[in-house]
Amino acid sequence: MFSDRVVSGMRPTGLLHLGHYHGVLKNWVSLQDQHDCFFFAADWHALTTHYENPIDIQDNVFQMMIDWLACGVDPSKSVLFVQSRVPEHAELHLLLSMITPLGWLERMPTYKDQQDNMKEKDLSTYGFLGYPLLQAADVLIYRASLVPVGEDQVPHIEFTREIARRFNHMYGREPGFEDRAREAIRKIGNKKGKLYEQLRNRYQEQGDEEALESARALLLEQQNLSIGDRERLFGYLEGGGKMILSEPQSLLTAESRMPGLDGRKMSKSYGNTIFLREDIESVTDKIRRMPTDPARVRRNDPGNPDICPVFHLHQIYTSKPIHEWVCEGCTKGSIGCLDCKQPLIDAILEEQAPIRERAQGYLDEPLLVRGIISDGCDKARDLALETIRDVRDAMGLNYGATI
Ligand code: TRP
Ligand code: SF4
């Protein structure tokens with residue numbers, strides 16, 4: 001049984017904040033105990049929108065990796081690396097671009113939305129249009145099965161599957177495919193081979209998706225099957241050829257909409273963040289200055305916690321009894337807003353303490369961090385090379401030892 005391979009990337013946009021921790025990193029930390037995880041800094045993706053001012057990218061990558069490590073992403077469990085240090089992502093992007101219909105990219109919802117959101121930038125570039133294809137290459141180059149992403153990224157993963165399907169359909173037909181598939185069925189034994197054929201027929205004749213799933217599960221259980229034969233039989237199920245690129249699923253990160261200091265979603269572009277490594281005075285000060293229910297002018301004016309950004313943060317950071325204390329005190333005007341904010345300040349500082357401490361350890365040992373990243377790049381690259389070799393072969397670019 002091989003475990004699922006998980007791949008995800010993050011654009012290096014600067015220091016990470018509490019929203020990244022609750023929305024993404026906690027999830028990565030728990031995934032690394034169950035799967036083979038590959039996490040990378042998507043520095044090329046950062047360039048698609050920040051091409052005019054690239055000077056910060058290197059430092060942002062370094063600081064972001066420190067934030068990941070400080071939050072518990074563990075280099076002994078996960079592979080941490082930098083996209084541009086594995087140039088095979090770019091080669092796969094180029095090769096896939098040959099078979100990518102322009103319309104698929106132009107219709108991507110993020111394409112128009114982002115252009116509208118960043119009106120001050122000229123995003124009518126080739127690189128920006130190709131953003132989702134580069135992302136597809138990031139995932140396909142590792143034959144990942146799961147991609148943890150937020151909701152906005154789900155169309156990109158769907159697109160990735162479509163590209164993989166198109167590629168396999170176009171290039172997966174090796175000479176003698178049918179015979180080799182039948183040969184592979186024989187290898188999984190009489191009983192299971194029959195079952196496989198029945199499930200395949202049910203899928204092909206009646207479009208029975210459940211049968212397809214069962215057949216896939218059956219193949220995953222077969223220990224004596226080579227990777228090539230397994231891919232062949234995956235491909236044979238759907239009638240196409242050998243499966244060279246595998247289709248990933250998105251793993252939707254449980255909706256955690258981290259409210260920022262002003263009640264809107266926490267985001268660097270709104271300037272409403274608390275950074276993971278922000279110092280104690282600054283965190284305290286930011287929360288003390290947070291806007292509250294404007295109806296509470298005087299301490300004994302009653303307020304409504306439901307419309308107060310402070311209470312929204314309480315819901316993430318403090319316990320039920322504290323919420324009850326807030327609701328009661330706020331609606332009756334018996335606590336002041338600064339009283340209300342104190343347990344929140346305490347909870348955030350408590351969460352940050354170990355993160356800040358671990359980050360400092362890494363900041364003091366920059367060579368250690370560089371070593372972790374460079375080991376990660378090597379591991380990622382080994383895997384990427386295997387895939388790119390198959391892709392080159394499939395597209396007629398296998399020169400072997402001739403040149
Ligand atoms: N586009 C993703 C984002 O903005 C980042 C990303 C790049 C990514 N390549 C990826 C995520 C591959 C998952 C898999 O969040
Ligand atoms: Fe907001 Fe708390 Fe003040 Fe009520 S008491 S308005 S919930 S900060």
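User: What volume does the second largest cavity have?

Analyst: This is a predicted model, and its second largest cavity has a volume of about 60 Å³. Seven named residues form the lining: Thr110, Tyr111, Gln114, Phe128, Tyr131, Pro132 and His156. Helix 6 (109-117) and helix 8 (131-140) are the elements that each give two or more residues to that lining.

User: Which helix provides the largest share of the lining of the second largest cavity, and how do the lining residues divide by class?

Analyst: Helix 6 provides the largest share, with three residues. By class, four lining residues are nonpolar, three are polar and none is charged.

User: How many cavities of 30 Å³ or more does the structure hold, and what is the volume of the largest?

Analyst: There are two cavities of 30 Å³ or more, and the largest has a volume of about 100 Å³. Its lining comprises 13 residues, and those nearest the centre are Arg296, Cys308, Cys330, Cys337 and Cys340. Two or more lining residues come from each of helix 15 (309-317), helix 16 (320-332) and helix 17 (337-364).

User: Which element gives the most to the lining of the largest cavity, and what is the class composition there?

Analyst: Helix 17 gives the most, namely three residues. The lining of the largest cavity has nine nonpolar, one polar and three charged residues.

User: Helix 17 also packs against helix 3. How should a helix pair be read, and at what angle do helix 3 and helix 17 pack?

Analyst: Two packed helices are described by the angle between their axes and the distance between those axes. For helix 3 and helix 17, the angle is about 130 degrees and the axes are 8 Å apart. The two helices are therefore oblique to each other. Their crossing is right-handed. On the helix 3 side the contact is made by Gln63, Ile66, Leu69, Ala70 and Cys71, and on the helix 17 side by Ile355, Arg358, Ala359, Tyr362 and Leu363. These residues divide into eight nonpolar, one polar and one charged.

User: How is helix 3 placed relative to helix 18: roughly parallel or roughly perpendicular?

Analyst: The axes of helix 3 (residues 57-71) and helix 18 (residues 366-394) come within 11 Å and cross at roughly 90 degrees. Angles of 65 to 115 degrees count as roughly perpendicular, and helix 3 and helix 18 are therefore roughly perpendicular to each other. From helix 3, Phe62, Met65, Ile66 and Leu69 take part in the contact, while helix 18 supplies Pro366, Val369, Arg370, Ile372 and Ile373. The class division for this contact is eight nonpolar, no polar and one charged.

User: Turning to another pair, at what angle do helix 10 and helix 13 pack, and which residues make the contact?

Analyst: Helix 10 (residues 177-187) and helix 13 (residues 227-237) pack at about 110 degrees, with an axis separation of 9 Å. That angle makes helix 10 roughly perpendicular to helix 13. Helix 10 contributes Phe177, Glu178, Arg180, Ala181, Arg182, Ala184, Ile185 and Lys187 to the contact, and helix 13 contributes Asp229, Arg232, Leu233, Gly235 and Tyr236.

User: What is the handedness of the crossing of helix 10 and helix 13, and how is their contact composed by class?

Analyst: Helix 10 passes helix 13 in a left-handed crossing. By class, the contact of helix 10 with helix 13 has six nonpolar, one polar and six charged residues.

Key: Residues are numbered from 1 along each chain as its sequence is written. Chains are lettered from A and ligands numbered from 1 in the order in which they are written. This is a predicted model: local features need pLDDT of at least 70, side-chain atom pairs count only at pLDDT 80 or more; totals for chains, interfaces and linings use all residues. Side-chain values use heavy atoms; hydrogens and water are left out. Axes are lines fitted to C-alpha atoms, for helices over the stretch in contact, and angles run from 0 to 180 degrees between N-to-C directions. Helices (H or I, at least four residues) and strands (E, at least two) are DSSP runs, numbered from the N terminus. Angles under 35 degrees count as roughly parallel, over 145 as roughly antiparallel, 65 to 115 as roughly perpendicular and the rest as oblique. A crossing is left-handed if the near helix is turned anticlockwise from the far one by less than a right angle, and right-handed if clockwise. Contact means heavy atoms within 4.5 Å. Ala, Val, Leu, Ile, Met, Phe, Trp, Tyr, Cys and Pro count as nonpolar, Asp, Glu, Lys and Arg as charged, and the others, Gly among them, as polar. On a 1 Å grid over the protein atoms alone, a cavity is a set of points where a 1.4 Å probe fits but cannot get out, and a pocket is an open set with protein on both sides within 12 Å along at least five of seven lines; lining residues have an atom within 4 Å of a point. Grid points are joined across faces, edges and corners, and a volume is the space filled by probe spheres set on the points.
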